[in-house]
Amino acid sequence: MLPESWQRVLGEELEKPYFKELTEFVEEERARGPVYPPREEVFAALDATPYDRVKVLVLGQDPYHGEGQGHGLAFSVRPGVRVPPSLRNIYKELQADLGCPVPDNGYLMPWAEQGVLLLNAVLTVRAGEANSHKGKGWEKFTDAVIRAVADRPDPAVFVLWGNYAKKKLPLIDTERHVVVEGAHPSPLSAKKFFGSRPFSRIDEAIAAQGHTPIDWCIPHLGS
C-alpha cells in the first residue's frame, strides 16, 4: 500500500480503472515467474521520501531486471550487488563535480532519506526483460506522482536525464520549480553526461529555494 504521506495526494489513483487493471496484470506476471522488485518494495521510493520532504525528484525508467538488483529506488541496488554501468557513470560525474570518493556500493538510500525521490516511471519489471512492464499503466501513476510534487507550494528540483525523462517536462511548472536536464548516464550517452555537473547545479537550486543542500557522498559499507 501507499505510504501515508502519499496516500493523501495519490489515494484516488488506486481507485481508478487503469490501476486495478495494472494490479491484475502485475499479479498475473508474478504468478508466471519472478517480477522485480518484490511486492513490499514496489513503493519503496515513496516510502523512503515522504511527500512533504521531497527536495529533488530524479526520474529513472524502469527497475533493474537482474536478480537481487532493483529494490524500488531508481538507479540504486542493494548492498553487495555489483554497481550497474549507469550508476558507475553517475559516481564518476559526482566525483568530478563535487569530489565525492567513488563508493564501494550502489545503495542510494542516503540520498532518499535526505529528500531525493528516486522515482522510476515504471515500477515493476519481468526478470531478465527490460521495459517488459512498459505501457501497462505505471506511467499514469508515476505521472500523478510528478504532478503531485509539482503542485506543492514548496518548490523542488526535477532531474530529467535522457530523452525519455525529458518528455515529462510538460507536467512541471518551470516557473516555480527548477528542472535540471541532461544526457542519460548510460554508457550509450555517457560522453554527453560527463561534464554536465548536475549535482552542483541541483544544490545551487536547492539553496536558492531555501532548502539545505544534499550530502551526495555515499558512504563506504566495507566488505
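These exercises, with worked solutions, examine one predicted model.

Residues are numbered from 1 along each chain as its sequence is written. Local features need pLDDT of at least 70, side-chain atom pairs count only at pLDDT 80 or more, totals for chains, interfaces and linings use all residues, and side-chain values use heavy atoms, with hydrogens and water left out.

**Exercise 1. The annotated aspartate**

Task: Find where aspartate 62 lies, and decide whether aspartate 62 is buried or exposed.

Solution:
- Start with the record. UniProt, in an unreviewed entry, lists Asp62 under "active site". Such annotations may be inferred rather than shown by experiment; feature names are shortened and positions follow the numbering used here.
- Place the residue. Aspartate 62 sits in the loop between β2 (56–60) and α4 (85–98). Helices (H or I, at least four residues) and strands (E, at least two) are DSSP runs, numbered from the N terminus.
- Check accessibility. Aspartate 62 counts as buried because its relative accessibility is 16%. Buried means under 20% relative accessible area, exposed over 50%, partly exposed in between (1.4 Å probe, protein chains only).
- List contacts (heavy atoms within 4.5 Å). Leaving out residues up to four places away in sequence, aspartate 62 touches Asn120, Val122, Val125, Ala130, Asn131 and Ser132.
- Inspect Asn131. Its backbone nitrogen lies 2.7 Å from a polar atom of the aspartate 62 side chain.

**Exercise 2. A serine in a helix**

Task: Identify what serine 5 touches.

Solution:
- Serine 5 belongs to helix α1 (residues 4–10).
- Its relative accessibility is 15%, so serine 5 counts as buried.
- Not counting residues up to four places away in sequence, serine 5 touches Pro50 and Tyr51.
- A polar atom of the serine 5 side chain lies 3.1 Å from the backbone nitrogen of tyrosine 51.

**Exercise 3. Core and helix α6**

Task: Determine which residues touch the most other members of the largest nonpolar core, and why α6 is largely enclosed.

Solution:
- Define the core: buried Ala, Val, Leu, Ile, Met, Phe, Trp, Tyr and Cys residues joined through side-chain atoms within 4.5 Å.
- The largest such core has 71 residues; Trp111, Trp138 and Phe141 touch the most other members. Helix α6 (residues 138–150) gives this core its largest share, 8 residues.
- Look at Trp111. Beyond four places in sequence, its contacts include Ile90, Leu94, Phe199 and Trp216.
- Count burial in α6. The helix is largely enclosed by the rest of the structure because 11 of its 13 residues are buried. Among them are Trp138, Phe141 and Val145.
- Check the length. The expected span is 1.5 Å times one less than the number of residues. For the 13 residues of α6 this should be 18 Å, and the end C-alpha atoms are 18 Å apart, which agrees.

How values were computed. Polar contact = N/O pair within 3.5 Å; in protein donor to acceptor, adjacent residues only side chain to side chain.
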